[in-house]
Amino acid sequence: MEKRRILTGDRPTGRLHLGHYVGTLANRIRLQHDYDTLIIIADIQGLTTDFEDPRRVSTAVREVALDYLAAGLDPGVATIFIQSMVPAIAELTVIYSMLTTVNALRHNPTIKSEAQQRGYTDLSYGFLGYPVSEAADITFCRAHLVPVGEDQLPHIELTRKLVRRFNQLYGQVFPVPEGLVGRAGRLVGIDGQNKMSKSLNNAIFLSDPPETVSEKVGLMVTDPQRVHKRNPGRPEVCTVYTYCDVFGFDAESVAESCRRAEVGCVQCKRKLAQEINELLTPMRARRRYYENRPDDIFEILRSGTSRARQLGEETMAMVREALSFNYFRL
Ligand code: TRP
């Protein structure tokens with residue numbers, strides 16, 4: 001039997017961090033052998049914000065690819081590819097744009113909060129419409145499963161609607177895809193306030209060296225009422241505890257020894273930093289390997305993109321047939 005298919009990916013806007021890891025990367029790595037896994041590096045989507053600086057986007061494509069390989073995506077099984085080089089995605093975007101309304105996009109909560117965060121009031125057509133293009137990303141290869149962070153769920157909801165609409169109007173071409181959110185849909189940043197994000201300066205990057213990880217963990221906010229080690233702490237308000245819980249680092253015993261005032265915050269932080277560094281150690285080794293082999297990365301992207309293009313052509317043949325737009329062969 002053919003494997004079911006995963007499609008997911010990222011905008012190339014910078015280095016990946018632990019938020020990406022718990023939200024979606026860990027799921028991708030875990031599932032890559034069981035599913036036919038496609039990973040999109042969405043450079044066109046990167047233009048929604050960086051349209052004045054495409055070079056920044058193309059540079060980041062290589063960084064993200066390196067992050068993927070370091071994190072443990074296996075190029076022997078996963079197909080990593082570049083969005084702008086798959087014409088089917090652009091073609092499907094145009095078709096889907098007929099099947100969604102401007103108002104539905106205006107009410108998309110992720111679009112709203114991203115626009116607000118950037119201070120955009122009058123949105124570009126491309127920014128407002130990027131969820132439609134994301135539906136094309138997901139469906140050009142007829143994917144079944146989409147491992148993502150929580151913020152992407154509205155886009156998957158839209159994709160499901162578009163697919164149902166398309167199938168109902170024109171004939172059964174696409175499976176209705178499902179979202180899959182990781183262990184923590186969103187990881188709080190080291191500030192303990194906001195979602196981890198590069199732009200909020202509260203991220204621990206997968207590429208951070210051990211000392212940086214220790215420093216950043218050192219900055220995390222613990223229970224403000226716990227001034228001395230002898231004060232019993234409240235793990236439920238402590239960022240260090242949250243991380244232990246999310247990453248499965250012995251959270252129960254951390255909480256207990258905190259409540260009983262047996263272990264102090266400094267010691268707790270040291271332990272967490274050590275655990276995170278242990279998680280990152282194999283990633284650092286793979287990063288070193290690929291850093292010295294840029295040609296390998298290039299070849300992985302080239303062959304992945306070539307396969308994605310082929311899948312896209314297959315899908316477009318089905319789409320044209322369904323629309324009765326299969327006029328002739330060229
Ligand atoms: N919008 C996603 C993000 O910012 C990236 C993305 C682009 C994506 N296309 C996708 C995610 C398709 C899942 C499926 O993280």
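User: Helices (H or I, at least four residues) and strands (E, at least two) are DSSP runs, numbered from the N terminus. With that settled, which element gives the largest share of the shell around the ligand?

Analyst: Happy to help, and please keep in mind that this is a predicted model. At least two residues of the shell come from each of strand E1 (5-10), helix H8 (130-139) and strand E4 (145-148). The largest share is four residues, and the element that supplies it is E1.

User: How many residues surround the ligand, and how many of the shell residues are charged?

Analyst: The shell has 14 residues, with Arg11, Gln45, Glu134, Asp137 and Gln152 the closest. Six of the shell residues are nonpolar and four are polar. The charged ones number four.

User: Which side chains place an N or O atom by a nitrogen atom of the ligand, and how much of the ligand's accessible area does the protein cover?

Analyst: Gln45 has a side-chain N or O atom 2.7 Å from a ligand nitrogen, and for Glu134 the distance is 2.8 Å. Asp137 joins in, with a polar side-chain atom 2.7 Å from a nitrogen atom of the ligand. On its own the ligand has 360 Å² of accessible area, and the share covered by the protein is 91%.

User: Where does the ligand sit, and which residues are closest to the centre of that pocket?

Analyst: The ligand is found in the largest pocket, a space of about 1,400 Å³. The lining of this pocket counts 45 residues, and the closest to its centre are His20, Glu114, Asp151, Gln152 and Lys195.

User: Which elements supply at least two residues of the lining of the largest pocket, and how many of its lining residues are polar?

Analyst: Two strands from the ligand shell's list, E1 and E4, appear here along with H8. They are joined by helix H1 (18-31), helix H2 (43-50) and helix H6 (109-118). By residue class, the lining has ten nonpolar and 15 charged residues, while the polar ones number 20.

User: What is the volume of the second largest pocket, and which element gives the most to its lining?

Analyst: The volume is about 490 Å³. Of its 23 lining residues, Thr93, Tyr125, Gly126, Gly129 and Ser133 are the closest to the centre. Two or more lining residues come from each of H2, helix H4 (87-97), helix H5 (102-106), helix H7 (125-128) and H8. With five residues, the element that gives the most is H4.

User: How many charged residues are in the lining of the second largest pocket?

Analyst: The lining divides into 13 nonpolar and ten polar residues. As for charged residues, the lining has none.

Definitions and conventions: Residues numbered from 1 in each chain as written. Predicted model: local features only at pLDDT ≥ 70, side-chain atom pairs only at ≥ 80, totals over all residues. Heavy atoms only, no water. Near = heavy atom within 4 Å. Polar contact = N/O pair within 3.5 Å; in protein donor to acceptor, adjacent residues only side chain to side chain. Areas by Shrake-Rupley, 256 points an atom, 1.4 Å probe, with all protein chains shown as cover. 1 Å grid on protein atoms, 1.4 Å probe; cavity = no way out; pocket = protein on both sides within 12 Å on 5 of 7 lines; lining within 4 Å. Sits in = over half its atoms within 2 Å of the grid points. Nonpolar A, V, L, I, M, F, W, Y, C, P; charged D, E, K, R; others polar. Points joined across faces, edges and corners; volume = space filled by probe spheres on them.
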